[in-house]
Amino acid sequence: MYKKQMTIQRVICFLSLVASVVVFLYSLGLMTDLYDSLYPMMRNPDNLLETDVPGSIIYYDMQPFNRLLLRFSIVLILLSCLLFITNTSTRRKYYVGNYAVVALNVIANVAIAVWAHGQLTGFKAQYLQLDFESLALWSSIWETPYIGPESTFWFDAHYAVFALTLLASALLILNVFWKRKLMKDEQSLLAAGKAANA
């Protein structure tokens with residue numbers, strides 16, 4: 001039973017690392033469509049209200065959020081690496097450090113997922129207020145990519161991205177309880193063996 005649990009806990013730790021890398025990649029790709037389509041419409045970077053397409057300021061409004069998301073994703077990667085540095089992925093018996101690293105991972109994953117969801121929901125609503133008729137017109141004139149109101153892929157993708165981090169967090173928690181049960185059972189068997197020998 002212990003061997004099976006240790007194999008699964010290794011897989012869970014790798015899943016946590018993969019989930020944090022996915023958040024990192026998502027933060028890199030999030031602004032791609034907005035940059036290609038909206039940045040050329042902002043004619044005067046010194047006056048962001050001077051634009052060919054009303055609402056295109058969302059490209060600039062999202063910049064601080066995107067920078068923070070990128071930094072937070074790097075933090076998630078480092079916290080996931082701590083699972084391996086502290087041998088949480090391979091240790092037979094967990095110590096205080098292992099519990100602390102798992103707690104840090106779970107808290108960070110949940111906090112960033114909740115924060116990002118709130119931000120992206122607001123930005124999606126702002127995006128849908130764009131003047132898409134003007135955008136289509138100017139995109140054809142300037143020969144730039146056109147994104148329509150149905151192109152909300154990058155906003156909607158966060159559901160899958162952060163669902164993965166929340167799944168990894170839930171599995172880390174379940175693994176801790178499973179590990180504690182096995183450790184307790186092992187202690188009981190050792191105590192029973194010592195009593196029988198005495």
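Is Cys-81 buried, partly exposed or exposed? At a relative accessibility of 29%, Cys-81 counts as partly exposed, where buried stands for under 20% relative accessible area, exposed for over 50% and partly exposed for what lies in between (1.4 Å probe, protein chains only). The model is a predicted one, in which local features need pLDDT of at least 70 and side-chain atom pairs count only at pLDDT 80 or more, while totals for chains, interfaces and linings use all residues. Residues are numbered from 1 along each chain as its sequence is written, and side-chain values use heavy atoms, with hydrogens and water left out.

The cysteines make a convenient start. Cys-13 is buried, with a relative accessible area of 1%. Its sulfur is 11 Å from that of Cys-81, the closest cysteine sulfur, which is too far for a bond. A search of the whole structure accordingly returns zero disulfides, a disulfide being a pair of cysteine sulfur atoms within 2.5 Å.

Turning to the interior, the largest nonpolar core has 30 residues, and Leu-34, Met-62 and Phe-162 have the most contacts inside it. Such a core is a set of buried Ala, Val, Leu, Ile, Met, Phe, Trp, Tyr and Cys residues joined through side-chain atoms within 4.5 Å. Among the elements that give two or more residues to this core are helix H1 (2-29), helix H4 (63-85), helix H5 (96-127) and helix H7 (153-197); helices are DSSP runs (H or I, at least four residues) numbered from the N terminus. The largest share, seven residues, comes from H5. Apart from this core lies another, of 13 residues, including Ile-12, Val-106, Leu-172 and Leu-182. Leaving aside residues up to four places away in sequence, Met-62 touches Leu-30, Met-31, Leu-34, Leu-120, Phe-123 and Phe-155, with contact meaning heavy atoms within 4.5 Å.

The rings deserve a look as well. The structure holds 15 aromatic pairs, counted for rings of Phe, Tyr and Trp (its six-membered ring) whose centres lie within 6.5 Å, with planes under 30 degrees apart called stacked, over 60 edge-to-face and the rest tilted. Tyr-35 and Tyr-39 are stacked, at 5.1 Å centre to centre and 20 degrees between the planes. Phe-153 and Trp-154 are edge-to-face, with 5.2 Å between centres and 80 degrees between planes. Phe-153 is exposed at 54% relative accessible area, whereas Trp-154 is partly exposed at 23%. Both belong to one aromatic cluster with Tyr-26 and Phe-162.
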